[in-house]
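Student: I should like to learn how the open spaces, the sheet and the enclosed spaces of a model are read. Please take one feature at a time.

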Amino acid sequence: MASPTLISDTGAWKDLKGHVEEIKKTHLRDLMADAERCKSMMVEFDGVLLDYSRQRATNETVDKLFKLAEEAKLKEKINRMYNGEHINSTENRSVLHVALRASRDAVIQSDGKNVVPEVWSVLDKIKDFSERVRSGSWVGATGKVLKDVVAIGIGGSFLGPLFVHTALQTDPEAIKSARGRQLRFLANVDPIDVARNITGLNPETTLVVVVSKTFTTAETMLNARTLREWISAALGPSAVAKHMVAVSTNLTLVEKFGIDPNNAFAFWDWVGGRYSVCSAVGVFPLSLQYGFSVVEQFLKGASSIDQHFYSAPHEKNIPVLLGLLSIWNVSFFGHPARAILPYSQALEKFAPHIQQVSMESNGKGVSIDGVLLPFEAGEIDFGEPGTNGQHSFYQLIHQGRVIPCDFIGVVKSQQPVYLKGEVVSNHDELMSNFFAQPDALAYGKTPEQLHKENVPPHLIPHKTFSGNRPSLSLLLPSLNAYNIGQLLAIYEHRIAVEGFVWGINSFDQWGVELGKSLATQVRKQLHASRTKGEPVEGFNFSTATLLTRYLEATADIPADPPTLLPRI
């Protein structure tokens with residue numbers, strides 16, 4: 001059997017390797033002077049405008065990237081994903097997060113079965129239950145309306161829903177729907193996170209949503225047992241069925257936990273955790289907070305991009321262009337990081353979410369066929385909202401390492417402020433920076449310019465900006481639920497494009513397993529040492545020393561301590 005071909009062995013990859021040396025001889029100051037080139041590097045779809053003219057690329061570069069996409073069979077791989085084929089080969093699963101936001105009449109197959117009716121069955125159940133809670137027809141054990149929700153989950157069961165919740169909190173329509181309600185997310189097993197989440201809450205008015213596909217995730221289930229104890233201590237064990245619900249597929253363990261299986265909301269193996277915000281994982285807690293109609297707009301925005309990604313030709317396809325440009329920067333220019341810079345405080349949790357989606361998906365060292373990659377895949381993602389980031393890490397971006405940047409701007413603010421007598425509005429001030437920063441990175445400032453400005457010679461090296469630092473700009477019309485859905489889907493599909501072209505499996509995450517299994521050994525040792533006084537054994541010198549120090553310093557903890565809940 002012939003050995004699998006790596007993308008780096010293809011003619012298109014080698015062509016780009018040669019081409020990058022030509023591009024390195026150019027400067028963005030000169031590339032940006034070509035108005036026709038700039039015009040050709042602007043793409044618009046459904047109100048979203050992408051401008052990638054500040055990438056270190058020519059039209060020839062883009063054509064060569066399209067040839068690379070053809071060599072990688074990108075379109076065929078996209079079709080296979082949408083057709084429900086088991087493209088997650090290491091787990092033998094379909095990858096169908098697009099089905100989570102498909103229209104009710106769509107047909108998306110997995111294993112010969114249209115999954116869309118099942119999706120809508122769960123969505124209808126979420127709508128019904130969330131409306132009963134919000135209207136007060138479903139009440140807690142003491143008859144009080146449940147106005148506060150704590151969603152317990154970690155990783156993909158937390159970061160995506162938190163991003164959407166944070167983005168909706170200041171949207172006028174969402175504010176109206178959420179009046180008098182609050183939603184909190186408990187993820188970290190650290191008891192401090194428990195304390196912060198239950199501070200100021202009354203168990204009588206709190207509904208807890210436990211999000212765990214298998215109902216076995218260690219951190220999530222310990223947090224769930226902690227909040228079960230919090231509810232039981234205040235209202236009695238029988239109250240659990242009224243105050244706790246689940247997003248899970250393991251109905252046996254849900255019932256054993258004390259939750260009515262009728263109040264469990266399903267999702268499927270073809271939904272990866274980091275791609276699950278459009279499933280019950282995100283839709284359920286968000287519907288409890290904002291109402292199903294607001295969340296449905298979010299799903300429609302994501303669906304619009306899904307259709308665009310599936311049908312638009314490469315040269316007009318926003319996720320495809322973004323994915324190919326990332327590959328250009330990572331694999332050919334050798335830039336390992338990417339800064340995600342949303343000029344909207346509402347998007348403050350967007351970078352942390354994309355950090356997981358991107359780095360868990362594409363942080364791989366072997367091809368989908370198990371062959372060691374001779375090139376680096378994946379990006380180091382980080383970011384902060386502008387203008388906060390400008391006063392934090394932009395120094396590095398302007399005068400230190402070259403880090404390609406994604407600038408995300410919004411035309412209309414969710415919460416406009418105008419002050420009489422000011423030169424511009426607050427949003428105009430924010431957006432002035434959004435428009436200026438990419439040019440500052442692209443053009444820089446030369447010693448000659450500084451000399452003409454009479455800058456003292458000894459300061460010229462310190463005030464010189466090399467420029468030629470790539471960025472791209474995404475401009476959204478507003479930031480309502482629909483636009484938030486669009487933004488999410490653009491980045492999800494961009495990450496898939498990168499994986500498809502690199503030839504890796506973007507939909508498994510075996511890298512998170514090793515640490516978990518080692519933690520199990522430590523957990524057993526802590527239990528044995530606390531309850532039986534057994535010495536620390538079976539670890540290397542360093543770990544054994546740290547564990548022993550920890551046990552000695554906490555020797556006052558009884559072997560079988562009574563229940564103690566946070567006291568904030």
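Student: Which element gives the largest share of the lining of the second largest pocket?
Tutor: The largest share comes from H21, with 4 residues. Helices (H or I, at least four residues) and strands (E, at least two) are DSSP runs, numbered from the N terminus. This is a predicted model, in which local features need pLDDT of at least 70 and side-chain atom pairs count only at pLDDT 80 or more, while totals for chains, interfaces and linings use all residues. Residues are numbered from 1 along each chain as its sequence is written, and side-chain values use heavy atoms, with hydrogens and water left out.

Student: How is empty space found, and which residues lie nearest the centre of the second largest pocket?
Tutor: Rolling a probe the size of a water molecule over the atoms shows where empty space is left. On a 1 Å grid over the protein atoms alone, a cavity is a set of points where a 1.4 Å probe fits but cannot get out, whereas a pocket is an open set with protein on both sides within 12 Å along at least five of seven lines; lining residues have an atom within 4 Å of a point. A volume is the space filled by probe spheres set on the points, which are joined across faces, edges and corners. Here the second largest pocket holds about 540 Å³ of space. Of its 26 lining residues, Ala 72, Lys 77, Ile 368, Asp 369 and Gly 503 lie nearest the centre. At least two lining residues each come from helix H5 (74-82) and helix H21 (481-502).

Student: What is the make-up of that lining by class?
Tutor: The lining has 11 nonpolar, 9 polar and 6 charged residues. Ala, Val, Leu, Ile, Met, Phe, Trp, Tyr, Cys and Pro count as nonpolar, Asp, Glu, Lys and Arg as charged, and the others, Gly among them, as polar.

Student: In what order do the strands of the open sheet stand?
Tutor: Strands of a sheet pair through backbone hydrogen bonds, either parallel or antiparallel. In this case 5 strands follow the order S6-S5-S7-S8-S9, with parallel pairing. Strand S6 (182-186) and strand S9 (264-265) are at the edges with a single partner strand each, so one side of each lacks a neighbour in the sheet. Two strands count as paired if DSSP finds at least two bridges between them.

Student: How many bridges join S7 to strand S5?
Tutor: S5 (residues 148-152) and S7 share 5 bridges, with Asp 148 partnered by Thr 206. S7 also pairs with strand S8 (residues 244-247) over 4 bridges, where Val 209 is matched with Val 245. S5 is joined to S6 by 5 bridges, and Ala 151 has Phe 185 as its bridge partner.

Student: Why is S7 described as largely enclosed?
Tutor: All 6 of the 6 residues of S7 (residues 206-211) are buried, so the rest of the structure largely encloses the strand. Buried means under 20% relative accessible area, exposed over 50%, and partly exposed in between (1.4 Å probe, protein chains only). Thr 206, Val 208 and Val 210 cover one side, and Leu 207, Val 209 and Val 211 the other, and all are buried. In S6, 4 of its 5 residues are buried.

Student: How many cavities of 30 Å³ or more does the structure hold?
Tutor: There are 2. The largest has a volume of about 60 Å³, and its 13 lining residues include Ser 326 and Arg 338. The second largest has a volume of about 40 Å³, and its lining comprises 7 nonpolar residues, 1 polar and no charged.
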